[in-house]
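Let's take a look at this one together. Have the sequence and the 3D view open side by side as you read.

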Amino acid sequence: MLLQLNNIFKWVNSGGQRIFLLKDINLTVEEGEFISIMGPSGSGKSTLLYVLGMLDGFDEGEYHFLEEPVHTMKEKHRSNLYKEYIGFVFQSYHLLDELTVWENLEMPLLYKKMGSAERKAKVADMLDRFNIVAKKDLFPPQLSGGQQQLVGVARALISNPKLILADEPTGNLNSKQGEEIMELFKQLNSEGVTIIQVTHSEKNASYASRVINLLDGRMI
Amino acid sequence: MLKNHLKIAWRNLRKNKGYALINIGGLALGFAITLLIGLWIYDELSFNKQHSDYDRIAEVLQNVDFDGTIETWESQNYPLGDALRTEYGTYFDEVVMSTYPRRSIFKHGETVVGEMGTFMEDGAPTILDLKMLHGAKTSFGEPNSIFLSATLANSLFGEENPIGKSLMMNNETSLKVAGVYEDMPRSSNFRDETGYLASLDLLMIGAGPNKKGWLNNWLMVFVKIVENVTVEQASAAIKDVKLNNAGEKELQSNPQLFLHPLSKWRLYSHFENGVSIGGRITYVWLFGFIGAFVLFLASINFINLSTARSQKRAEEVGIRKVIGSSKIQLIQQFFMESLLVVLLSFFLSLILAQLALPLFNDITQKDVGILWGHPMLWVMFLVSVGLVGILSGLYPAFYLSSFLPIKVLKGLPRTAGGNVRFRRVLVILQFVVSVTLVIGTLVIYQQIQFVKNRSLGYEVEGLIMVPMQTDEVKKNYEAFRNTLLESNAFLEVARSESPVTNTWYSDFDFNWKGKDPGFRDNIFRGLVNHEFGKTIQWNILKGRDFSKAYATDSTAVILNEAAVKYMGFEDPIGQIIEAPWGEELTVIGVVEDMITQSLYESNKQTMFRFDRYQQANLMNIKLNPNTDLTEAMNQLSTVYKQFNPNTPMEYTFAEDQYAEKFAFEARVGKLSGIFAGLAIFISCLGLLGLASFVAERRTKEIGIRKVLGASVSMLWQMLSKEFVGLVLLGSALAIPLASYMMQQWLKDYEYRTEISWSLYGYAALGAVLVTLLTVSFQTLRAAQNNPIKSLRTE
């Protein structure tokens, strides 16, 4: 078992009323799964994803990641955990525009305080694997959307995470580029990486082995 | 990681060149100003410090009482030197009397040079701390020998060693060169007085009893105190020297002697009622304050501008956190960036300061340079870079690094964040300072204008003054005058003792009808000849001018209005005034008050006496206003040379002397003008910071308003209003502050302008205009943005 959510509630208070963003979520994810989270706008898809990614907290319930209780963990421990095991992919890529492709890929390794030689080897390896060696000295704005997202995925993968969380990874891409990214996910999944993605598209959702539907913060 | 941080910082700067320029440039400007002011202060504080007996040299001053007003005089009489030496020898290593600087003409072979120097007693080399190039210090003091400064020696003798060579002084005395010393440094009070040093004994040869008596104060007295006696002890000891020695007449003014130490000459030489009340030190404090404030404003601005953009960095912070950055690492990154920028600013400021030095030295009349090797510079460097770097890094480092990544990455509406209030206070503060400086500058110029408009009582235009330095000139005066007057380039030539722009001699102990016997008088003296009044075009109000038609005019005097009032004459003409030397003087006329001293003080009681013994050694030459100046000057020097081949002509224009009177004020005005300009500039940077911040914060609001139909000009108005309000508030606070400060400043001037309300109005209006110009750049851009774009970002 990779992670488990038990009775997760998340709310905000607005105008004296409690508005639930997540309501009684129970979810178990095994290693190697490929899950799509679907639902209309405002149904809590992204919130759930960020809760899973430990970027967002929750108000009630329990979250175990690799048998460890995330809900009682200290900030530092939690951040170490996710640095180790989780990679993020965003709809709008969120690459650092001031850094080249190479430097963007290198960044997470720098934060992990990895040695220079090992870093170089890993980055080179990743460029090779994604076939973007030629682009290594370009800055993100110089790339097409598909290429940027490729870099985004590569960056998420570079520290060998167990889990990739993707928030509408193809939302800004045309259908051909989108398809390529989905194929990539499928291949990564077959190599053993657990993937959870938020998506609007039925077609993209169908790449997954399991689909979770949300409505008003509830799993249906 | 460090490399990575620097790389990001550098690329960020390159990406926003305009912003980087303003930010780095603004801070560099602040640093540069502070550096220059620091150099100025350093120079002022270290004045005279090169003297190897800095703590032991002092000048003997006296406080004299004139009817309750205590005046502090530098001048002393001749017997005082011996009195100090014999009665108080245990306190002093040296007592040296010195004349005031005099201009003398030196001739060696065909070379003739005029130079300022002094006649001093034997201990002069010690008092002045001379650095000998040739000859020994001990050889000073022979009446027939002279010491020369390196510059004078060089212009007379060239490269050769002049020791033992002889030269002619003022065409009458042959002297042997006994020593050559290095020129006094610019940072020495003796600088302008030591072109040559001759023995006081030379001057005293054949001097009459007048020069040797206790009554005539015409010398300065310097002392070197013995090692284990303090200035205070010696000062207290000599207090009554004059009282114990001088005659009754001297005692009337109750002279009290005291020592004014070398360490105070430069900055604490303003005396009021016998007590040192400062002097230039006021300006040291003022400039120090301005310097600190400029640095403060520039630094805060820098922080302000840096953080105004921090919203843009929020996304980056989010990403970095997601890909594994810890808070500490982010904090490090932001500090690194701000340190880099501050460092760049500092080096830029060194370049700016270096470039501005010539101008700075010109305005301040100094000779300062950046003290590259001085540890203070680098201490200041470390402190200011460290402080500003850390302060400007603090906000982004701690505020931004605490962002929850989810907020920025999910594209939730960005919180306005930041301290709008803090920025507003900052802008107000900056404008308080700027407007205060602007008002100060305006008042200074108004005061200068005011005194310039003051009626002089005579005509300075086309008035040339030529000193008669040698017997040759004095002997040939009449012939020279007649030859000049043959040409129509010259209207009149007259003699006087003092230049009309600077009357400094005074006499006391006169007697006249109606004088209160206890009244201790002091009347300024103008020793002039027949043509003087016509030459300077004074206005006789009552009676008549001196005239050759009256033989009795040899004992005639003309009083100015102030003197008439001072002496209390109802009907001044014909009044007899008894002079202290026994003569009876007759008042023949009253002349309109003339500004013969300070422009800022009321006119002083002055008595113009006929120069019957031809003591007046200054020629006043009035040019015909219709002649070409260059031609007239050529003619003048030709005629002069013809009569006086052995005395080089030196001349000053009365107009220049007149301008000298407000040169200091003009300099202060210029400096404060520059400071005001820079303060405005720095304040505009602060405004720009606020404007861009506000524009960004209100992007959405502007977008919505536009969609609802607001025009660009309406938006511009809406956005500008806030800033105008702030600046007006700043001005409103500045006006009472500036008003108080400038009233205090004006208090020092007896003759002063009134500050008009319109002046405050102009200053505030100017500030508002500058504000509108500055913020319009930002507001118009924000107002012109396509609303779709701005709304979509939300």
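Here is a short tour of one chain's overall build and one helix in another.

## Chain A as a whole

Keep in mind that this is a predicted model. Chain A holds seven helices and ten strands. Its radius of gyration comes out at 18 Å, close to the 17 Å that the globule rule gives for 220 residues, so chain A is as compact as a globular protein of that length. If you want a feel for the dimensions, the C-alpha trace of chain A spans about 55 × 40 × 35 Å along its principal axes.

How much of chain A is buried? Buried residues account for 40% of its 220 residues. As for who touches whom, take the contacts in chain A with a separation of 6 or more: 71% of them link residues 24 or more positions apart.

## Helix H1 of chain B

Now over to chain B, where helix H1 covers residues 2-15. At 1.5 Å a residue, its 14 residues should span 20 Å, and the end C-alpha atoms are indeed 20 Å apart, so the expected and computed spans agree.

## Two sides of H1(B)

Which residues of H1(B) are buried? They are His5(B), Ile8(B), Ala9(B) and Asn12(B). Looking down the axis of H1(B), you'd find these buried residues within an arc of 95 degrees, which means they line one face of the helix. Part of what covers them is helix H14 (327-364) of chain B.

Flip to the other side of H1(B) and you get Lys3(B) and Arg14(B), which are exposed.

Note on methods:
Residues numbered from 1 in each chain as written. Chains lettered and ligands numbered in written order. Predicted model: local features only at pLDDT ≥ 70, side-chain atom pairs only at ≥ 80, totals over all residues. Helix = DSSP H or I, 4+ residues; strand = E, 2+ residues; numbered from the N terminus. Rg over C-alpha atoms; globule rule 2.2 N^0.38 Å. Buried ≥ 20, exposed ≤ 12 C-beta atoms within 10 Å, placed from the backbone. Contact = placed C-beta atoms within 7 Å. Expected span 1.5 Å × (residues − 1). Arc of directions from axis to C-beta.
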